[in-house]
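Visitor: I'd like a close look at a single part of this model. Could you stay with that part and talk me through it at an easy pace?

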Amino acid sequence: EIFRNYFALKAVPRHNAEMDKANRARVEKWKQQKISEWEKGGKMRERFPTRKELDKWMEGQISKAQKKLFAPKKPKAKTVVGGTSDDDPEVTWEDQQRINSYGRLNQRMIELDDEIKEQKTLGSNIEDAVQDIEALLDDDACKIKIGEIFVQVSNEVAEEFVAEKQKDAAKRLEELVAEKRELVTKMETLKVILKGKFGKNINLDPNAEDEDHLVPEGKRSS
């Protein structure tokens with residue numbers, strides 16, 4: 001059975017309600033990935049503030065995946081285009097490389113979104129610091145952190161220090177945004193190629209329900 005989706009599991013037919021050893025291992029890998037994303041903060045932590053909420057959600061997703069995995073498979077109507085059937089297009093080595101590349105780019109995109117958010121927050125904090133220094137009435141009322149210690153400096157030195165940090169933060173944000181634009185272009189190019197060959201047989205939507213990432217394409221709800 002072809003590996004249609006870089007998120008998907010390969011199904012092994014069974015008649016009982018328990019996933020076999022291989023599928024359990026894949027589900028455990030998926031859980032560890034979600035836990036890692038949650039521990040880093042970002043979107044997963046915003047969606048599930050506590051570990052208890054995260055665990056409950058993961059168990060629900062796994063339960064739904066099991067139901068789909070062992071549900072009777074619906075017959076799929078054949079689609080014929082130009083006199084040839086594209087029901088199960090062959091996955092070549094080049095196709096698999098493109099799928100793997102898309103998966104890596106998508107993971108980096110998630111990381112970039114978090115980094116850009118953090119960098120914008122840093123820029124906002126630096127701007128607040130600039131305004132605070134400008135509002136000071138006393139000279140030599142500032143301390144800057146160098147390594148692990150705070151050093152008292154004049155307001156003028158503090159302003160220069162913060163201005164340099166502000167410049168660095170703006171440059172880093174610009175680099176991250178540029179990298180994201182490049183990723184979007186690469187992902188769109190790959191999506192056009194893969195969708196052109198596999199159509200609905202491949203799911204490249206990073207916003208798809210996670211339960212669908214645990215089951216093969218043929219078992220997913222339409």
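What is the relative accessible area of Asp140, and does that make this residue buried, partly exposed or exposed? After that, please take me along helix α5 and its contact with α4.

Guide: Sure. Asp140 has a relative accessible area of 41%, so this residue counts as partly exposed; the cut-offs are under 20% for buried, over 50% for exposed and in between for partly exposed, with a 1.4 Å probe and protein chains only. A word on the ground rules: residues are numbered from 1 along each chain as its sequence is written, and side-chain values use heavy atoms, with hydrogens and water left out. This is a predicted model, so local features need pLDDT of at least 70 and side-chain atom pairs count only at pLDDT 80 or more, while totals for chains, interfaces and linings use all residues.

Asp140 sits in the loop between α4 and β3. Its contacts (heavy atoms within 4.5 Å), leaving out residues up to four places away in sequence, are Gln152, Val153, Ser154 and Asn155. Val157 lies 17 residues along the chain from Asp140, with 9.0 Å between the two C-alpha atoms.

Asn155 takes us into helix α5. With 10% relative accessibility, Asn155 counts as buried. Beyond four places in sequence, Asn155 touches Ile133, Leu136, Asp138, Asp139, Asp140, Ala141 and Cys142.

From there α5 runs over residues 155–198. Helices here are DSSP runs of H or I with at least four residues, strands are runs of E with at least two, and both are numbered from the N terminus. The 44 residues of α5 should span 64 Å at 1.5 Å a residue, and its end C-alpha atoms are 63 Å apart, which agrees; the expected span is 1.5 Å times one less than the number of residues. Besides Asn155, the buried residues of α5 include Ala158, Val162, Ala169, Leu176, Leu183, Met187, Leu190, Leu194 and Phe198. In general, an α-helix has 3.6 residues a turn, so residues three or four places apart point the same way. The cover over the buried residues of α5 includes α4, β3 (142–146) and β4 (149–153).

Now for the partner. Helix α4 (residues 93–134) packs on α5 at an angle of about 160 degrees, with the axes 8 Å apart. Axes are lines fitted to C-alpha atoms, over the stretch in contact for helices, and angles run from 0 to 180 degrees between N-to-C directions. The two helices are therefore roughly antiparallel; that label needs over 145 degrees, while under 35 is roughly parallel, 65 to 115 roughly perpendicular and the rest oblique. The residues of this contact divide into 24 nonpolar, five polar and 15 charged.

Two residues of α4 show what this looks like up close. Leu105, in α4, is buried, at 13% relative accessible area. Outside its sequence neighbours up to four places away, Leu105 touches Leu183, Lys186, Met187 and Leu190. Leu105 and Lys186 are 81 residues apart in sequence, yet their C-alpha atoms are 8.1 Å apart. Asp95, also in α4, is buried too, with a relative accessible area of 4%. Setting aside neighbours within four places, Asp95 is in contact with Glu90, Leu194, Lys197 and Phe198.

Just after α5 comes Gly199, with a positive phi of about 55 degrees.

Technical notes. Nonpolar A, V, L, I, M, F, W, Y, C, P; charged D, E, K, R; others polar.
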